[in-house]
Amino acid sequence: MLCDVTAPVADEASALMEICVAEAEKRNGRNTVNMQETFTVYLVETRPMDAVAEGRNPAPDSLWRRYSEFELLRNYLLVTYPYIVVPPLPEKRAEFVWHKLSADNMDPDFVERRRIGLENFLLRVASHPVLSNDKILHHFLTEEHGWKEVVYETGFQAKADSRLRALSATFRVRNPDKRFMEMKHYSDELQSHTSQLLRARVRVADRLYGVYKVHGNYGRVFSEWSAVEKEMGDGLQSAGHHMDAFAASIDDILEEEEHYADQLKEYLFYAEALSAFCFGRAVCRKHELTQFELEMASQDLVSKKQQHEEIATGIVRTFSFKGMTNKLFGQEAPEQREARLKLLEELIAEGEETVKEKTVECEEHVDRAWVDMQRFKEQKDKDLREALINYAVMQISMCKKGTQMWSNAKDCFLKM
Amino acid sequence: MSGQTVPADFSGHMLDLDEDDDLEVFSKNPSLAGGGPMPNSPSSMVNQYRLEEEEEQQEANARDLFITVDDPESHVTAVETFVMYRVATKTTRSQFDSSEYEVHRRYQDFLWLRSKLEENHPTLIVHPLPEKFVMKGMVERFNNDFIETRRRALQRFLSKVSLHPVLSHSHHLEVFLTAQDLLPYKKQGPGFLSRLGETVRAVASSVRGLKSRPEEFSLMKEYVEDFSIKISSVDKVTQRIIKEQREYLDELKQYNPTYAQWAESEGELAEPLNGVASCVERCSKETDEQIQHLSSVLVPALHDYVLCAETLKLQDEVDSLADRVELANNALKGDWTRWQDGMRADLKSAFLSTAEKNVEYYEQCLAVWESFLLSQRVEPGEQRDGEDAS
């Protein structure tokens, strides 16, 4: 199966690669508790693009990956690039399913749609200006065995833990970044709107299915009736066949519409990821530095400055234990006072430097995150507009089929 | 995926058409006593008779009796409430004194007319009237839909009668169309002529003795039974389609707002989202019209013939009870052929109209979506890499 979209993936030699999730297969194996399980693996194929461009057609490198490995890759990327909106994976389990469609993970249609979703994920990651350079991604595409160990060795899970801790500290942050909170609000709305749309679409699909299928009864009855009639028989009989065809046509129509639903779902999941991302960005920076830490550093600086002032002027403005003890246990000697002032001044200078540094770092990360979000927004507008156009094309196709079938039926009725 | 056979799990949509869940009550024919005056050479009249596709398309010069039923009005008295219909007649027939008449009749009066026609022409097929009541799901006898449906059925009845070579010359029809007050006529018992007819028949039967039933009538009886079942099935399927369409329409109406609401929180994407919302809304309107059409064209036509079939079954009982003279046999046979042709024409016309409406529905929806594509500056033909819908 050839891909019709290529994406540049830069490896160390800066060669671009063509990526494709070509096939899916069932495997049997043993899971972590040594129980038999059946799972699906997907064939990931890559080819260097320059070879393709030159007209050579080398066999693609290929390896098999299962869904959980894609999940691992994504989690790694999430932790490692907290200022990037990481593309979503297709759903783990089928949701928003209209009643005739299977919710079974092993169902061939589900597997096929998941294959497409996984391919989209890889293509998006590989075409991202930042993510495409990642070594772990490159290993994922080229090293079938031992890849998992390499990922674990990066220690990203520990970073994930510290991020979680940082996130849990967010309630102490007093000034969450407004821009990111606004974007989070937007992504919450996007989630809500896409899921409402998906639910409504499912109900419409169910009803439309009913309308088409009931026409199958005409087929049966016309056929029986035609046996009783002399002059009308032929016309009725052939009209009945067209009614059967009409009833059968809805299956393909709705199967195709699932692809549209998948495109919307992709952005539902993107919105979920974005919401978490914005929340993180609003309250928390790179995992080594949290805004919390920044604020603590700033608060620390402020309190040191206050202390300095108190010592210098002798006026106690705010309650401090040290101040109290001084009062209780008597004033300190002037030399001690001088030493403390000097130390404080040094600490303040250091603190100011730290805050300055960390502010700059913060702003850099904020800028990068903001850039990535703009990129996401543009991509979303483009992708979803395309999805809506595809939907219109599907509707047109359905209308053409309907016109055809009822014209045929009309011709049969004319013969009655 | 596309096959002609229907898999078992679609049973929810395949109707059990043997089960009679309609509890409609139709007006039963009053007892038919005695014969009527002998028709004037009915066979010659049958030969003169021409088939028409649609009553409204009948050429003016072949039809000399036009009847309309309209303007329903509620009348309230101390005792009852009922609806009066205006019955307007235009005619060039010499049997009528004037060329135009206007009277007011209620449903009861139509019942009277039909019973008289059947009484006097037991060998002929008289078109049915709409039911007296509909038991299931009918709450208000006077709601507008019910009255309109009834009005149309009453008009169809009179139209059919007016086209019948024999029945249209009935004295009772003339009275019905012209008398300002029907009451005096209703009070009459079976007339002198009908009593005469009874005597003639009795004599004839004693002369000929028992007649073996002609084969044609066995066939007719069989056909009537089969037809009755099939036409009821088609009627049921059609009703079910309307039900499913209505539910589909309800969901569509909730679907397009999801696009519009989403558009409110979007920038560039708002325009295509609103475009899709508008398309879905317009398709909803087309669906609504499609449902209206089914209800007003196909359903009444099918329903008439469901009633017809019931009438014919009873008719047949009458035939088997009465011994008839040769003339009567021919009259019925001629009328039977006429009826069959009429049935074929009526149902063909109704199915054709339905198919045409459906084609129109899909064409309109297609235009709606194509204009959306154009608004997105996309050529409708180009999107699918040359792939064409069948």
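Visitor: Is the crossing in which H2(B) passes H4(B) left-handed or right-handed?
Guide: Handedness depends on how the near helix is turned from the far one: anticlockwise by less than a right angle is left-handed, clockwise is right-handed. Helices here are DSSP runs (H or I, at least four residues; strands are E, at least two), numbered from the N terminus. H2(B) passes H4(B) in a crossing that is right-handed.

Visitor: What kind of model is this?
Guide: Residues are numbered from 1 along each chain as its sequence is written, chains are lettered from A and ligands numbered from 1 in the order written, and side-chain values use heavy atoms, without hydrogens and water. Local features need pLDDT of at least 70, side-chain atom pairs count only at pLDDT 80 or more, and totals for chains, interfaces and linings use all residues, as this is a predicted model.

Visitor: Is H2(B) roughly parallel or roughly antiparallel to H4(B)?
Guide: Axes are lines fitted to C-alpha atoms, for helices over the stretch in contact, and angles between N-to-C directions run from 0 to 180 degrees. Under 35 degrees counts as roughly parallel, over 145 as roughly antiparallel, 65 to 115 as roughly perpendicular, the rest as oblique. H2(B) and H4(B), residues 171-178, pack at about 165°, with axes 9 Å apart. So H2(B) and H4(B) are roughly antiparallel.

Visitor: Which residues of H4(B) make the contact with H2(B)?
Guide: Contact means heavy atoms within 4.5 Å. H2(B) offers Asp109(B), Phe110(B), Trp112(B), Leu113(B), Lys116(B) and Asn120(B). From H4(B) come His172(B), Leu173(B), Val175(B) and Phe176(B).

Visitor: At what angle do the axes of H2(B) and H3(B) cross?
Guide: H2(B) spans residues 107-120 and H3(B) residues 144-163. Their axes come within 12 Å and cross at roughly 30°.

Visitor: How many residues are charged in the contact of H2(B) with H3(B)?
Guide: H2(B) brings Tyr107(B), Phe110(B), Leu113(B), Arg114(B) and Leu117(B); H3(B) brings Arg150(B), Leu154(B), Phe157(B), Leu158(B) and Val161(B). Ala, Val, Leu, Ile, Met, Phe, Trp, Tyr, Cys and Pro count as nonpolar, Asp, Glu, Lys and Arg as charged, the others, Gly among them, as polar. The split is eight nonpolar, no polar, and the charged residues number two.

Visitor: How far apart are the axes of H2(A) and H3(A)?
Guide: In chain A, H2 covers residues 67-80 and H3 residues 108-126. H2(A) passes H3(A) in a left-handed crossing. The packing angle is about 30°, and the axes are apart by 12 Å.

Visitor: Which residue forms a salt bridge with Arg115(A)?
Guide: A salt bridge is a side-chain nitrogen of Lys or Arg within 4 Å of a carboxyl oxygen of Asp or Glu. The partner lies three residues away in H3 of chain A, about one turn of the helix. The closest N and O atoms are 3.0 Å apart, and the partner is Glu112(A).

Visitor: How many salt bridges does the rule find across the interface of chain A and chain B?
Guide: One of the pairs joining the chains is Glu231(A) with Arg344(B), at 3.1 Å, N to O. The structure holds 40 salt bridges over all chains. Across this interface the rule finds six.

Visitor: What area is buried between chain A and chain B?
Guide: Here 69 residues of chain A are in contact with 67 of chain B. Buried area is the accessible area (1.4 Å probe) that two parts lose on being put together, summed over both. Carbon and sulfur atoms give 69% of the total, which is about 6,500 Å².
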